[in-house]
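Let's work through a few exercises together, one step at a time. Keep the sequence and the 3D view open beside you.

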Amino acid sequence: MFIAGIGVGVAASKKNNPSLYHGKSNAEAAQALLDAARIQAGKGSWERIAIGRIQYLGGQKAQGQAIFDEILGGKHEASDEIRIARIYREAGEWARAKPMFDAYVAKNPKDKTEIAEIGAWYLLAGDRDSAERLFDKSFAIEDEIWATVAAAGAYLGVAPQP
């Protein structure tokens with residue numbers, strides 16, 4: 001096992017070697033690539049959240065959650081919180097995403113784009129009143145295309161692109 005770990009480390013420090021995934025099962029290829037990604041990510045929170053997302057949505061929920069807990073348990077940015085909230089929403093876990101979105105809005109009251117995006121998630125979750133309050137808040141800050149597109153899409157059932 002130790003020798004395999006060294007191989008992943010060497011591969012990740014240069015280029016991803018095709019031996020990481022060629023001829024492997026999907027699970028083995030994914031694991032080898034996630035191991036390489038961990039090395040590439042270093043201490044980067046966005047990068048580690050991306051790895052956690054793959055694990056959380058790809059059937060390794062506990063491992064993904066452990067990454068999120070580690071990030072949220074230490075010093076982190078509000079952007080980390082919204083990224084993790086998006087993953088919970090993507091997993092169909094609105095009850096977990098909603099309080100994180102609410103906390104983001106409270107901490108970032110002038111972030112017009114993200115506020116509109118969060119409003120879109122509310123609308124897609126069936127809470128039009130809350131969604132429109134968030135749209136109002138966003139548009140009162142400034143008219144901005146990404147906020148407008150997120151709101152428009154939600155009325156048509158289209159999820160925003162974060």
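**Exercise 1. Is W94 buried, partly exposed or exposed, and what is its relative accessible area?**

Before the solution, a word on the model: it is predicted, so local features need pLDDT of at least 70 and side-chain atom pairs count only at pLDDT 80 or more, while totals for chains, interfaces and linings use all residues. Residues are numbered from 1 along each chain as its sequence is written, and side-chain values use heavy atoms, with hydrogens and water left out.

Step 1. Take the cut-offs: buried means under 20% relative accessible area, exposed over 50%, and partly exposed in between (1.4 Å probe, protein chains only).

Step 2. W94 has a relative accessible area of 23%, so W94 is partly exposed.

Step 3. Try the rule on two other aromatic residues. F101 has 0% relative accessibility and therefore counts as buried. Y122, at 4%, counts as buried too.

**Exercise 2. Describe the aromatic pairs that W94 forms with F101 and with Y122.**

Step 1. Rings of Phe, Tyr and Trp (its six-membered ring) pair if their centres lie within 6.5 Å; planes under 30 degrees apart count as stacked, over 60 as edge-to-face and the rest as tilted.

Step 2. Searching the whole structure gives seven aromatic pairs. For W94 and F101, the ring centres are 6.0 Å apart and the planes meet at 40°, so this pair is tilted.

Step 3. With Y122, W94 makes an edge-to-face pair, at 5.1 Å centre to centre and 90° between the planes. This pair links distant parts of the chain: W94 belongs to helix α6 (residues 94–107) and Y122 to helix α7, 28 residues apart. Helices here are DSSP runs (H or I, at least four residues) and strands are E runs of at least two, numbered from the N terminus.

Step 4. Look elsewhere for a cluster: Y56, F68 and Y88 are linked by ring pairs.

**Exercise 3. Which rings have the charged end of R96 or R83 over them?**

Step 1. The test asks for NZ of Lys or CZ of Arg within 6 Å of the ring centre and within 35 degrees of the ring normal.

Step 2. R96 has its charged end over the ring of Y88, 4.2 Å from the centre.

Step 3. R83 lies over the face of W46, 3.3 Å from the ring centre.

**Exercise 4. Describe the space and the lining of the two largest pockets.**

Step 1. Settle the terms. On a 1 Å grid over the protein atoms alone, a pocket is an open set of points where a 1.4 Å probe fits, with protein on both sides within 12 Å along at least five of seven lines; lining residues have an atom within 4 Å of a point. A volume is the space filled by probe spheres set on the points.

Step 2. The largest pocket holds about 230 Å³ of space. It has 14 lining residues, and W146, A150, P160, Q161 and P162 are the closest to its centre. Helices α7 (112–124) and α9 (145–155) are the elements that give two or more residues to this lining. The largest share, five residues, comes from α9.

Step 3. Sort that lining by class: eight residues are nonpolar, three polar and three charged. Here Ala, Val, Leu, Ile, Met, Phe, Trp, Tyr, Cys and Pro count as nonpolar, Asp, Glu, Lys and Arg as charged, and the others, Gly among them, as polar.

Step 4. The second largest pocket holds about 160 Å³. Its lining residues include W46, R83 and P162. The elements giving two or more residues here are α3 (45–57) and α5 (78–90). By class, this lining has five nonpolar, no polar and four charged residues.

**Exercise 5. Where is G119, and which residues does G119 touch?**

Step 1. G119 is in helix α7, and with a relative accessible area of 0% G119 is buried.

Step 2. Leaving out residues up to four places away in sequence, G119 touches A131, L134 and F135; contact means heavy atoms within 4.5 Å.

**Exercise 6. How many helices and strands does the protein have?**

Step 1. There are nine helices and zero strands.

Step 2. Of the 162 residues in the protein, 38% are buried.
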